Amino acid sequence: MSTQKITDATFEQEVLKSAEPVVVDFWAEWCGPCRMIAPALEEIAAEMKGKVKVVKLNIDENPAVASKLGIRSIPTLILFKDGKAAAQKVGAAPKGELSRWISAAV
């Protein structure tokens, strides 16, 4: 698996203190669009390995970070660069669009 699961407890270390840009996928088991984009994110994570890290945060199991960042709908993707949110995308999109969004933000 190319994407990595993170928790409220590991968010700071894995995302905010990461040396490379990190795309955080805020998702939940019951969310259809979240499951729809998961395979595309896996492929993007493999293709962009070394340039960007892709992680998943289940908001049902880890509500603190999502709440702090004001996540209202899922899937929400936030690209963090140098510990700060650099770009945000809400809703499902095809792989090509997700790749372009990540490449433009990185």
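Is K56 buried or exposed in this predicted model? Select K56 to start: its relative accessible area is 9%, so the residue is buried.

**Stop 1: K56 and D25.** Add D25, which forms a salt bridge with K56, with 3.0 Å between the closest N and O atoms. D25 sits in strand β2 and K56 in strand β3, so the bridge links parts of the chain 31 residues apart. D25 is buried as well, with a relative accessible area of 0%.

**Stop 2: K53 and E14.** Stay on strand β3 and select K53, then E14 in helix α1. Their side chains meet in a salt bridge at 3.1 Å, N to O. Because K53 and E14 lie 39 residues apart in sequence, the pair ties together separate parts of the chain. K53 counts as buried at 17% relative accessibility, while E14, at 23%, counts as partly exposed.

**Stop 3: the largest nonpolar core.** Select I6, F11, V15, V24, F26 and I74, which touch the most other members among the 19 residues of this core. Elements giving two or more residues to the core are α1 (8–16), β2 (22–27), β3 (53–58), α3 (63–68) and β4 (76–81). The largest share, four residues, comes from β2.

Now centre on I74. Beyond its neighbours within four places in sequence, I74 is in contact with F26, W27, A28, W30, C31, C34 and I59. A second, separate core has 17 residues, including I37, L41, I44 and L98.

**Stop 4: K89 and E97.** These two form a salt bridge, the closest N and O atoms being 3.0 Å apart. K89 is buried at 16% relative accessible area; E97 is partly exposed at 33%. Finish with E43, E47 and K95, joined into one network by salt bridges that share partners.

Note on methods:
Residues are numbered from 1 along each chain as its sequence is written. This is a predicted model: local features need pLDDT of at least 70, side-chain atom pairs count only at pLDDT 80 or more; totals for chains, interfaces and linings use all residues. Side-chain values use heavy atoms; hydrogens and water are left out. A nonpolar core is a set of buried Ala, Val, Leu, Ile, Met, Phe, Trp, Tyr and Cys residues joined through side-chain atoms within 4.5 Å. Buried means under 20% relative accessible area, exposed over 50%, partly exposed in between (1.4 Å probe, protein chains only). Contact means heavy atoms within 4.5 Å. A salt bridge is a side-chain nitrogen of Lys or Arg within 4 Å of a carboxyl oxygen of Asp or Glu.
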